[in-house]
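Dear colleague,

I am passing on the structure we spoke about, and below it you will find my notes on what turned up. Please read them with the coordinates open beside you.

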Amino acid sequence: MRRALFPGSFDPLTLGHYDIIKRGVTLFDELVIAIGVNAEKQYMFSLEDRIDFIKEAFKDEPKIKVTTYKGMTVDFCKKIDANFILRGLRNPADFEFEKAIAHTNRRLSEIETVFLLTSSGKSYISSSIVRDVIRNGGDYTGLVPDTVSVK
Ligand code: ADP
């Protein structure tokens, strides 16, 4: 079974994530979307909302699972028997950042990181931009799947 982990904060899920997940799932038997829980980080959306947005967006995709985890990503991969980490690349800054993490993860484990390039037209979308738009009362709906909503 080729199981991959797609880790992130998903605060909130964006059309950029959605695109990587939809394309990534075709490469694996199972794709586990794992929301990393960091007690020191402040989030805009509650963990429950972030889980619900993702579950609802992929409710018709039996190969996609949603979960949360704490601690190191490679440790969680071992725990759930995932041999791959899926990541998206938007720009050179993502590449440099992801390269260091992927090399570190390879030192710590056998887990391979698989990268997909962002689709054209989606590279500018990030959760932090979506949060800024929301904070300033802008229309965020074109940046996120329609399961994401502000209460
Ligand atoms: P993090 O907690 O690392 O900031 P994110 O929730 O922002 O996690 O992102 C999780 C993954 O989704 C990362 O691999 C990131 O590069 C990828 N990603 C986010 N937005 C996009 C996008 N617009 N296009 C491609 N990949 C993206």
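**The largest pocket and its ligand**

The largest pocket holds about 1,100 Å³ of space, a value that, like the others in this message, was computed on a predicted model. Its lining is made up of 43 residues, and those closest to the centre of the pocket are Pro 7, Gly 8, Ser 9, Arg 87 and Glu 98. Two or more lining residues come from each of β1, α1, α3 (73-80), β4, α4 and α5 (127-135), and of these elements α4 contributes the most, with eight residues. Sorted by class, the lining of this pocket comprises 16 nonpolar, 18 polar and nine charged residues.

What occupies the largest pocket? The space in question is the one taken by the ligand, and the shell around that ligand consists of 16 residues, of which Ser 9, Gly 88, Thr 118, Lys 122 and Ile 125 come nearest. At least two residues of the shell are supplied by each of β1 (3-8), α1 (15-24), β4 (84-89) and α4 (92-108). By class, the shell has five nonpolar, six polar and five charged residues.

Turning to individual contacts, an oxygen atom of the ligand lies 2.6 Å from a backbone N or O atom of Gly 88, while a polar side-chain atom of Arg 87 lies 3.2 Å from an oxygen atom of the ligand. At Thr 118, a polar side-chain atom is found 3.0 Å from a nitrogen atom of the ligand. On its own the ligand has 560 Å² of accessible area, and the protein covers 87% of this.

**The loop between β1 and α1**

Two backbone features deserve a look when you go through the model. Most residues other than glycine have a negative phi, and most peptide bonds are trans. Against that background, Phe 10, although it is not a glycine, has a positive phi of about 50°, and this residue is found in the loop between β1 and α1. The peptide bond that runs from Asp 11 to Pro 12 is cis, with omega near 0°, and Pro 12 also lies in the loop between β1 and α1. Both elements that flank this loop, β1 and α1, are among those that give two or more residues to the lining of the largest pocket.

With best wishes

Conventions. Residues numbered from 1 in each chain as written. Predicted model: local features only at pLDDT ≥ 70, side-chain atom pairs only at ≥ 80, totals over all residues. Heavy atoms only, no water. Near = heavy atom within 4 Å. Polar contact = N/O pair within 3.5 Å; in protein donor to acceptor, adjacent residues only side chain to side chain. Areas by Shrake-Rupley, 256 points an atom, 1.4 Å probe, with all protein chains shown as cover. 1 Å grid on protein atoms, 1.4 Å probe; cavity = no way out; pocket = protein on both sides within 12 Å on 5 of 7 lines; lining within 4 Å. Sits in = over half its atoms within 2 Å of the grid points. Helix = DSSP H or I, 4+ residues; strand = E, 2+ residues; numbered from the N terminus. Nonpolar A, V, L, I, M, F, W, Y, C, P; charged D, E, K, R; others polar. Points joined across faces, edges and corners; volume = space filled by probe spheres on them.
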